[in-house]
Structure formats: C-alpha cells, structure tokens
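Here is a walk through a structure you may not have met before. Have a look at it first, and then we'll take it piece by piece.

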Amino acid sequence: MVQDYLEENPSNINEAEMVVAIPSYREAKLIGYPTTQAALGLKRYFAERKCVLINCDNNSDDGTKEAFFAADTEGVPRIYLSTPAGIRGKGNNFHNLFHKVLELGAKAVVVVDADLKSITPQWIKHLGEPLFNEFGYVAPLYVRHKYDGTITNSIAYPLTRALYGRRVRQPIGGDFGFSGEMARVFLASPTWTEAVRNFGIDIWMTTIAMNNNVPICQAYMGRPKIHKPKDPGADLGPMFSQVVGTIFDLMTQTTGYWMRVKWSRPTSIYGFGLGEVEMPPPVKVSEDKLAANFREGFQQWQGLWAQILPEDLNKKIGEIGGLPPDQFDFPTQLWAKTLYEFAVAYKEQTVDRQQLLVSLIPLYFGKTLSYVRKTARMSVQQAEEFIENECMVFEETKPYLLERWGA
Amino acid sequence: MAKILIVDDEEHIRFLYSEELTDEGYEVVTADSGFQLLERIAAEKPDLVILDIKMVDYNGLDLLQDIRNKYYDLPVILCTAYDTFKEDMKSIAADFYVIKSFDLTELKNKIKMALETSVPQKA
C-alpha cells in the first residue's frame, strides 16, 4: 500500500481497536470541541479498548493541527495525518484514514465533523457500539432544521432510497461509523474519482455499504446537528457537483443492483432513550436568492436542458419558469423525472458531464424554493413527513427511470 | 400465500383484520399482546407483522425496535388510532404505518407494497 500522507504520531501508536477520526480543512477555531467530546466518549464507553483519535487534515495553514493537539483528551492518544501540501479534498483525508485504519488493525471507526458544536460523548457510543454488534456501517440520525441539508432532502435521500432500497435519512450526514473491514472495502474500490476524493466521499461510502449488503443501522444522536450552517441559496460551490456527480457515477457502476430493487426497507435504529428530543436552531433561507438563481439559470441553461430532457418535461420546466413568483411550484414528480433524466444523460454523455451538473443547480434552487414555500408553516416533524411523501413519489416514479435507462 | 401476524389487544380489530385479510388470500395468525412476541415470530415465521402501537401492557414502538434488531428485513406495518406517534423517531423503523379504520383499503395497499418490496438481503 502506498502511503501518501504526512504523519505525526507522538505516542507511537501502532495498533488500536477503535478509532475516532476528525477530517478537517482550516478548522482551527472549532476542532478542539469535537476532539474533547470524542475523547470523553472513548473514555466513558470504550475504556476497555485500545483507542486513538486521528485528525485527517488537508495540511491546513490556520493552526488546525496545533488546535487538535492542544485539546484536552484525558490521555487518549492522538495521531495527525495530512495530505501533502497543495492536496485538498475531504475524500483524500478519508483515503489516508482508511490506510491508517488497516495499518492499526482497527475493528471500528467513528468519523465526526470538525465543525460540530452539538456533539456529545454519546455520539461516539451510538456511532461506535453497533460496529461491535454485527453492523458494518452506521449512519447518523438526528433532528435537523427543515432548511438544513437541502441537498440531502431533495436529492441524496430520495434518490439513494429509491435506487438502493434502504432508507438512510442522512446518507451524507458527515458523521459515520464503519468497521475496519469496510475500510478495506473502501480502499480497494476501483471507483475513486476526483469527486469521491472531495465532497463525494460521504454518499460514496453510504452507497458502497448498501451495494455490499452490509448490515446498516442508523444511530440516533439525541441532539440536533449544529455546525457551521449554510444558506442553501448562497453557499453551494463545487459540493453540489461532487455529490450529485458521485451519485450519477455510482448509478452507472451499480446498475445491476439498483434495477433489482423495488420500493424500500427501513433500517435498524440504535440509541434511543436519550430523553426529550431537542429541536434544532432555525436556518435562514433567502427565498429571493433562490428565485433569482433559478431565473438566471433558466435564461442561461434552457438550450442545454433541451438536449437533456425529453420535450414534454422540458415544456413543463418552461411552464414553471413562466409562473408568477407568488405562484411558483416545482411538483415532486417533475423533480424526480428531471433527476432521472439528468442521470440518463450523464450515463450516455449526451452533453458534457460537468456542464450537465452545473446546469442542474438552478433547477435544484427552484425545487428548494418550492420546498421552502410548501413547508413554511410546517413544524420540523411535519416537514419530515412531507419529505417522506416525496420519497414515495421517487419510488413510484422509478419504473420511468428503468424505462429511460434502457432496462 | 403470505403469512401475516396481527398483534393487537383489541379483539374486534383482530377479528376484522383477520376476516378481511383471509378473504384476500393471506394466511393470518394473531397475538393479543406483545408478550413473548419475538418467540412468537420465531415460531410462526410470518412474512409480515401488523403491529398496534398502543396496547394496554406494551408499547408498539418498543416492540418494533426489538423486532427490527432481531429480524432486520421483516416487514412491519404500524397501526394506530392517532398519528401523534410520528413525533417519536422510533417509528421510522417501520415499513409503513396506517391509521386504524374500518375501510382496510390503505392497509391492504401497504401490505401489498411491503410484500412486493425487493431489496437484496444483508450479507
């Protein structure tokens, strides 16, 4: 195995049963808190096991490494790994982590985000314990504000569920558990792309776990995920293309699997009994920005959409583009068919793949605007039910995808 | 012929469901409480469980957790008179839920969907 990371291992740790990893890039201000909470979790719930904390970093220049080593871990040893200078990407951090996990011979790995503000020691317990009880992959289950995680709500969750038949509510939650054996599977996979080496890593891991029929459970975290929030109308960047591009790549690679899937199944849930559910803080959304982004994209990409979408769908997109702002609506079935058509065009490369992904962004903004308006008066729980109903539409519309894919 | 286990402490519900689902061609067995439910499932090997949420001595959502932990892919449909149970996140471990009604159309549709569901089994 080629080692392509820099390492600082002051305690000379060369074996561990349990690893808690914190991937990062420029998180000096925030990494201390999850590091301390993770250490408390290890001390409290895994005291009998050999444990280590690993920060997998992108050679941050803001003092992330120093902040990681400065955090109080009550004696839990630490390792710092980094990509070489100039190499970025969350997935590259995971690649290094998988190498290290195999080298250490770890049985269980928990990963938590470096910008977490709501992590408790119990998160480590809940993400880690199922790995010692027959589960190979653990996804987080937390209450999120209805406007937090909009790529998850409108694309990653409904698509993954309809395709692979497993209801994993947070497939790109950022906090996971996986077995040492899964680390071997991830590392050996021939499907590492540039997108996977970046923000595509989360959906890639979840999908590979599903495709390997690994027992998956969702761990209830008790507290909402509170981290650096993102306004879905403002911050998007390359993350969208990397996540959706990875979903489309995986669809092409796993066709034989998902075509056999009909409807979906729930997973086991682990970790209840934490008392009253804590509600997440509100997330502000700019409807004006969403509407403006949709309108601009509508002007810019109509020509490309006409090459991607069949005439009837393109006409419907044109109709919603012409709706007065106060009557704007993006029907869920139209959204599902649109995503399915983009996936087909991505596979067939009828247009440039990168352009295809970028041109999907304004449609996603339109769908998000529609979701925001429909759920404006809903509680978090009512919005959850709304999303569940949307997932059913994706599942009901799957025969359309099978037909269009060329089954 | 699929075998359905109905778990409900109300006799008239067990009777109604049994009659209607038997007429639909299912083999039906019943339990009047959650007592030794896992043992009952092991013995009966049902293809699907219809589970009442609020029974006198048992919480259906806790039973659902027990079932899901032992029988990863056994379809479970929750039945309830009220939909407030959805506030409890444990309910997402069910395949479907239905609100109790004398019109069983929705329940029959959900049973059909749950039995049709095809997802490759765990390793």
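## Before we start

One term comes up a lot below: two residues are in contact if their C-beta atoms, placed from the backbone, lie within 7 Å. Also keep in mind that this is a predicted model.

With that in hand, try B:Ile77. Leaving aside its neighbours within four places in sequence, B:Ile77 is in contact with B:Leu48, B:Ile50, B:Ala94, B:Asp95, B:Phe96, B:Tyr97, B:Val98, B:Lys110, B:Ile111 and B:Ala114. We'll run into B:Ile77 again when we get to the core.

## Chain B at a glance

Chain B has 4 helices and 5 strands, and reading from the N terminus, its elements go β-α-β-α-β-α-β-β-α. Its radius of gyration is 13 Å, close to the 14 Å that the globule rule gives for 123 residues, so chain B is as compact as a globular protein of that length. Measure out its C-alpha trace along the principal axes and you get spans of about 40 × 30 × 25 Å.

Of the 123 residues in chain B, 31% are buried. Take the contacts in chain B between residues at least 6 apart in sequence: 60% of these join residues at least 24 apart.

For a single element, pick helix α1 of chain B, residues 11-23. This helix has 13 residues and covers 18 Å from its first C-alpha to its last, close to the 18 Å expected at 1.5 Å a residue. After α1(B) comes B:Gly25, with a positive phi near 100 degrees.

## Chain A and its two domains

The domain assignment splits chain A into domain 1 (6-270) and domain 2 (287-405). The C-alpha centres of these two domains of chain A are 28 Å apart. Their contact takes 27 residues from domain 1 and 29 residues from domain 2.

Which helices of chain A each supply at least two residues of the domain 1 side? They are α5 (150-164) and α8 (239-253). Helix α5(A) gives the most to that side, with 9 residues. Sorted by class, the side of domain 1 that touches domain 2 has 16 nonpolar, 9 polar and 2 charged residues.

## Where the chains meet

Now for the two chains together. Chain A puts 20 residues into the contact, and chain B puts in 22 residues. On the chain A side, β9 (268-270) and α14 (380-396) each supply at least two residues. That side of chain A divides into 10 nonpolar, 5 polar and 5 charged residues.

## The nonpolar core

The largest nonpolar core has 146 residues, and those with the most contacts inside it are A:Val19, A:Val109 and, as promised, B:Ile77. Helix α12 of chain A (residues 332-348) provides the largest share of this core, 10 residues. Both domain 1 (6-270) and domain 2 (287-405) of chain A give at least three residues to this core.

## A closer look at A:Lys107

To finish, here is one residue up close. A:Lys107 sits in the loop between α3 (90-104) and β5 (108-111) of chain A. Is A:Lys107 buried, exposed or partly exposed? A residue needs 20 or more C-beta neighbours within 10 Å to be buried, and 12 or fewer to be exposed. A:Lys107 has 18 inside 10 Å, so it counts as partly exposed.

Not counting residues up to four places away in sequence, A:Lys107 touches A:Glu17, A:Met18, A:Leu131, A:Ser179 and A:Gly180. As for A:Val214, 107 residues away along the chain, its C-alpha atom is separated from that of A:Lys107 by 15 Å.

Key
Residues are numbered from 1 along each chain as its sequence is written. Chains are lettered from A and ligands numbered from 1 in the order in which they are written. This is a predicted model: local features need pLDDT of at least 70, side-chain atom pairs count only at pLDDT 80 or more; totals for chains, interfaces and linings use all residues. Ala, Val, Leu, Ile, Met, Phe, Trp, Tyr, Cys and Pro count as nonpolar, Asp, Glu, Lys and Arg as charged, and the others, Gly among them, as polar. The expected span of a helix is 1.5 Å times one less than its number of residues. Domain bounds come from an automatic or database domain assignment. A nonpolar core is a set of buried Ala, Val, Leu, Ile, Met, Phe, Trp, Tyr and Cys residues joined through C-beta atoms within 7 Å. The radius of gyration is taken over C-alpha atoms; the globule rule is 2.2 Å times the number of residues to the power 0.38.
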